[in-house]
Amino acid sequence: MITQDNFDNEYIDSIEEQQIDKFVCKEMGRQIHRYIKGMSGSIQIMERFEEKLKDLSVSEKEEAIARYIDLNRKVLDGLDFKMIVVRAIANYCDTFSYMLRIINNKRRMIYYLNRVKSKYIQYHEVFEENGKFGIRDHKGNVLVQPLYDFLRTPYIYVDDLRMMPIIAQKDGKMGLILPDGKDTVVADFIYDDISLRDESPYFEAKQGKTKTRI
């Protein structure tokens, strides 16, 4: 129950929450921009990333950035979520004293830290069923049906938020499928091996002695 005495500790203003979400999202986009630049990504890659985000709503941007982080988990190396939250709070507050009130409120800071992490750290998982492998998202939705002898998610350091194919093995042959819940085939299951490259085209397939980039 919220009372006058516990108001500051228990009450979360929906407008404050909405605005801090917006500023956190902007800061997360900036951190990914820096990550791409630090990994020697091209200006074109950074521009494509920002172009994909610019017309999305805040919630859509949150989902897109979370998908990006799921494929580029090194983006979180050295990233301090406390600083992300503090920068967002500083952008939201109109006075220094009000900013200090929020930052020094341990309960509120923990609330926002947990909120940010839950929005942006949403990893998929590979699961096994009857000896076959599939993939679920962080909510448990099946992205790839458990039909495959082997699955490999392509972890990459640059991308423009596209849906990346999954390397899969079926009946002794390798192929590429999309994690779209429909198992859409991108490359037929005709290859002896498929390996991941660091740049586009991201896949190299081997069929007998012939190598092909996909």
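**Surroundings of Q31, helix α5 and Q122**

Q31 is buried in the predicted model, because its relative accessible area of 14% falls under the 20% limit for burial. This residue has its place in helix α2. Apart from neighbours within four places in sequence, the residues in contact with Q31 are L79, I84 and R87.

One of these contacts, I84, belongs to helix α5, where F81, I84, V85, A88 and I89 are buried. These residues lie on the same side of α5, since the arc they cover around the axis is only 130°. The buried residues of α5 pack against three helices, namely α2 (14-38), α6 (96-103) and α7 (106-120). Helix α5 itself comprises the 12 residues 81-92, for which a rise of 1.5 Å a residue gives an expected span of 16 Å; the end C-alpha atoms are 17 Å apart, and therefore agree with that expectation. At the N-terminal end, α5 is capped by D80, which has a side-chain oxygen 2.9 Å from the backbone nitrogen of K82.

Helix α7, against which the buried residues of α5 pack, is followed by a loop leading to β1 (125-129), and Q122 lies in this loop. The side chain of Q122 reaches two backbone oxygens: that of S118 at 2.9 Å and that of K119 at 3.0 Å. When neighbours within four places in sequence are left aside, Q122 is in contact with A66, D70 and H138.

Notes:
Residues are numbered from 1 along each chain as its sequence is written. This is a predicted model: local features need pLDDT of at least 70, side-chain atom pairs count only at pLDDT 80 or more; totals for chains, interfaces and linings use all residues. Side-chain values use heavy atoms; hydrogens and water are left out. Helices (H or I, at least four residues) and strands (E, at least two) are DSSP runs, numbered from the N terminus. The expected span of a helix is 1.5 Å times one less than its number of residues. Buried means under 20% relative accessible area, exposed over 50%, partly exposed in between (1.4 Å probe, protein chains only). The arc is that of the directions from the helix axis to the C-beta atoms. Contact means heavy atoms within 4.5 Å. A polar contact is a pair of N or O atoms within 3.5 Å; within protein, one must be able to donate a hydrogen and the other to accept it, and residues adjacent in sequence count only if both atoms are side-chain atoms.
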